[in-house]
2 protein chains.
Amino acid sequence: MTLIKKPVTGMKDILPAEMEIRNYCISVIKQTYAEFGFQEIETPCVESIENLTSKSGGDNEKLIFKILKRGEKLKLDEASSEADLVDGGLRYDLTVPLVRYYSNHENELPTPFKALQMGNVWRADRPQKGRYRQFMQCDIDIIGEPTNLAEIELITATTTTLGRLGFKEFEIHINERRILKAMAVYSGFPDEKFDDVCIILDKMDKIGLDGVKKEFLEDGYSAEAVEKYVGLFEGMNAKTSWSEKLDWLEQKLTEAGAVADDVIPNLRSTIETVIKVKQADFKMVFDPTIVRGMSYYTGTIFEIRMPELGISCGGGGRYDGMVGKFTGRDVPACGFSIGFERIILILMEQHFEIPGKREKVAFLLDKGLSEEQTAQALIKAGEERKAGKSVLVVRMNKNKKFQKQQLSDQGYTSFEEFYNN
Amino acid sequence: MTLIKKPVTGMKDILPAEMEIRNYCISVIKQTYAEFGFQEIETPCVESIENLTSKSGGDNEKLIFKILKRGEKLKLDEASSEADLVDGGLRYDLTVPLVRYYSNHENELPTPFKALQMGNVWRADRPQKGRYRQFMQCDIDIIGEPTNLAEIELITATTTTLGRLGFKEFEIHINERRILKAMAVYSGFPDEKFDDVCIILDKMDKIGLDGVKKEFLEDGYSAEAVEKYVGLFEGMNAKTSWSEKLDWLEQKLTEAGAVADDVIPNLRSTIETVIKVKQADFKMVFDPTIVRGMSYYTGTIFEIRMPELGISCGGGGRYDGMVGKFTGRDVPACGFSIGFERIILILMEQHFEIPGKREKVAFLLDKGLSEEQTAQALIKAGEERKAGKSVLVVRMNKNKKFQKQQLSDQGYTSFEEFYNN
């Protein structure tokens, strides 16, 4: 029987050249986050189906790869729906597993707990260019820190990492769930429509303020509420700096009693402090249009925007209520995820040169070599490896010139030939 | 709803202390194998169910976590067996995926192709101490090298890596599938019983030669064949060195025409050369009793034995026929897998100290700190991080003494306190 050569639909094999870039990025990321005191952890790729379908994952819950029950647990005859067949699934993000992990090991972990996770997640999205059904996520989270020290450290750590990977002139867009909410309340949108309001607002990037306004009216919201809401964005658009925008918005919302007193000052302090302590070339942007899909966010939310890419390249925010879903007791939490695959895509397209690559040497062994001569060549290879070189030992081909050309293409810069003489 | 805190049955959360050791081992392994010219690759964790159930995986095929078909493909009403419900599964090893990968990308890869894979695999084994249903494998393979240069490089690379991880006085047990076969043929066992003969032989470690003999007789094999077979082991046991054992066996098997002329000289040359070029403190042991479970092996087979552990701690061998299952054209291949989880287990039990760990400093920030003072502390943290230290910035607790004690326990060796003054 001939077997299937292709990877499963929507997943990909990673070739050595990409793997080198991925490994380089992983090492820069791990080193930088370690400097910030983040501790790496790992959870199984498989989670209980109950945890994956607890409404924390938004639309991702529709995209789960589900795992069949095993042995006696699988009762095919009695199964009336999919749910009867499965007891686990592949994780669709690293946040649900982190919160489960923290709940499980709380007593063994420090407070605050600064976690780094790098691992694959799976989503059965429609396959498209550059988007795969298995992809790596790279998350840092701080659990147990209620103040904006968490946000400041997360943004500083993430941007320092991106800077060390060679990225510059990028932007961190920042917003607050409670400001989003206050703007809707202030305008007179009904409370229960908040999620729908956000869904339309989220389209601002693509359809502009006029398009957003049109959609609100088409969806039957009161003209007065829509006008007031749009007015807030127009008011902010008329201001140039993030601080002027925030000042203007604060006056409006506070006057109307729509937002708690500390929310906007807290966001202001986060932005100001990040600007003071940052170690990379990026801009902080207060962006009242970013929403972040997941419903679990409760405070600050943020996204990375790269000039190389129109879309978000990572993001995160505060989710103070999620640990409580496991333990019954809320613990403050905040996280930032780098869009690892997008970073790799950009670096691949830029033909990124990995700094400090080791010298690659190829030893070509003629077929006539005696056992003793082969051993001598291998001993020499061992010495050069000890000296920090990468040494490939291969049999010499009949077409030696072609073989050397191929090895040059793979980055081998010097050759040594061994003959029986 | 309260969610499930525990990981799924048989899989484990990895705590930061273990993760540090894992990361250290991974970096030593990757660096050493890179010096030997191995290139890292990655395949998806999910494989087509057809590839996973193609009889290459032996008993592991019974332990597959199977993934439910999605959307319209899942026809629950029409399903009469498990096979109708699934189209993928979690890989149970890295060899089947490697061979698929090689078949898929042959034209983009050099010959010979030296691959390194580090990745998780899943087997629904009965959970037991130190044995998990998700675990990391670490494989190197050389595809396209027919001579024992492959075996020599694989064994040298693997043992050099183990040496750098601090292991010594371990053993590499080596054997040959064709010698195993020849010994059975020489003794007069029927050809079709070869796999059953191997299953009994594999118990030698536990039940000894007498036990093996007893089982053969109980299973109804002819007393003459059993006597002749046992005689071969007794003959070898009477010799001290690996070379004397091989010489004695060669004489017996060659005389009877039971083995091709080049098989034993080839194994001898492999052992001799490894001993000449080795860069770690280990012993080569010709061990005619090792079998290796997988039926795909066609030539040399080997295992790592650690003095710390009674059992095998990794192994591999030559599997020249497997690529042909995908491409219809056989390509020589040989691989060596380190039992990564067992290595980690040994190091954890030895309270392994990671060399060259960075200095860990904790900054404690009093709650009364102004925004400006907080920024100053964070700028200072940035400077110390640049200087190579790991700096944790946390709010000062009311019980500062207890907090510092906890941080000391986590490896923080110096503290700086920041107050509003």
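Start at the seam between the two chains: twelve salt bridges run between chain A and chain B. Keep in mind as you click around that this is a predicted model. For one of these bridges, select Glu35(A) and Arg358(B), whose closest N and O atoms sit 3.6 Å apart.

Now select Asp13(B) and Arg100(A), another salt bridge, with its closest N and O atoms at 2.7 Å. Colour by secondary structure and you'll find Asp13(B) in the segment before helix H1 (16–35) of chain B, while Arg100(A) belongs to helix H3 (residues 95–105) of chain A, so this pair joins two chains. If you'd like the count for the whole model, there are 66 salt bridges over all chains.

**The rest of the interface**

Switch on polar contacts next. Between chain A and chain B, 42 residue pairs are in polar contact, counting those where both residues have pLDDT 80 or more. Which helix of chain A gives the most to the side that touches chain B? Select residues 371–386: that's helix H13, and eight of its residues take part. Colour that side of chain A by residue type and you get 47 nonpolar, 25 polar and 29 charged residues.

Zoom out and select everything in contact across the seam. You should pick up 101 residues of chain A and 101 residues of chain B. Put a surface on both chains: together they bury about 9000 Å², with 57% of it on carbon and sulfur atoms. Which residues of chain A lose the most area to chain B? Pick out Leu3(A), Glu42(A) and Arg70(A); together they make up 8% of what that side buries.

**Down the axis**

Try superposing the copies. A turn of 180° and a shift of 0.0 Å along the axis lays chain A on chain B, with an RMSD of 0.0 Å. The two copies are thus related as by a two-fold rotation axis. To find your way to that axis, select Ile67(A): within chain A, its C-alpha is the nearest to the axis, at 2.3 Å. Flip between the two sides of the interface and you'll see the same surface serving both copies, as 100% of the contact residues of chain A recur in chain B.

**An aromatic stop**

Show the aromatic rings. There are 28 aromatic pairs over all chains. For one to look at, select Phe302(A) and Phe336(A), a tilted pair with centres 4.7 Å apart and 40° between the planes. Phe302(A) is in strand E9 (residues 300–305) of chain A and Phe336(A) in strand E11 (residues 333–338) of chain A, so the pair ties together parts that are 34 residues apart in sequence.

**Backbone oddities**

Last, hide the side chains and look at the backbone. Most residues other than glycine have a negative phi, and most peptide bonds are trans. Go to Thr111(A) and Pro112(A): the peptide bond from one to the other is cis, with omega near -10°. Pro112(A) is in the loop between H3 and strand E5 (113–122) of chain A. Hop over to chain B and you'll find a cis peptide bond joining Thr111(B) and Pro112(B), with omega about -10°. Here Pro112(B) is in the loop between helix H3 (95–105) and strand E5 (113–122) of chain B.

Where does Glu169(A) lie? Select the loop between helix H4 (149–164) and strand E7 (170–176) of chain A, and there it is. Check its backbone angles: the phi of Glu169(A) is positive, near 55°, in a residue other than glycine.

Methods: Residues numbered from 1 in each chain as written. Chains lettered and ligands numbered in written order. Predicted model: local features only at pLDDT ≥ 70, side-chain atom pairs only at ≥ 80, totals over all residues. Heavy atoms only, no water. Contact = heavy atoms within 4.5 Å. Buried area = accessible area lost by both parts, 1.4 Å probe. Salt bridge = Lys/Arg side-chain N within 4 Å of Asp/Glu carboxyl O. Polar contact = N/O pair within 3.5 Å; in protein donor to acceptor, adjacent residues only side chain to side chain. Helix = DSSP H or I, 4+ residues; strand = E, 2+ residues; numbered from the N terminus. Nonpolar A, V, L, I, M, F, W, Y, C, P; charged D, E, K, R; others polar. Least-squares fit on C-alpha atoms with pLDDT ≥ 70 in both. Phe/Tyr/Trp six-rings, centres within 6.5 Å; stacked < 30°, edge-to-face > 60°.
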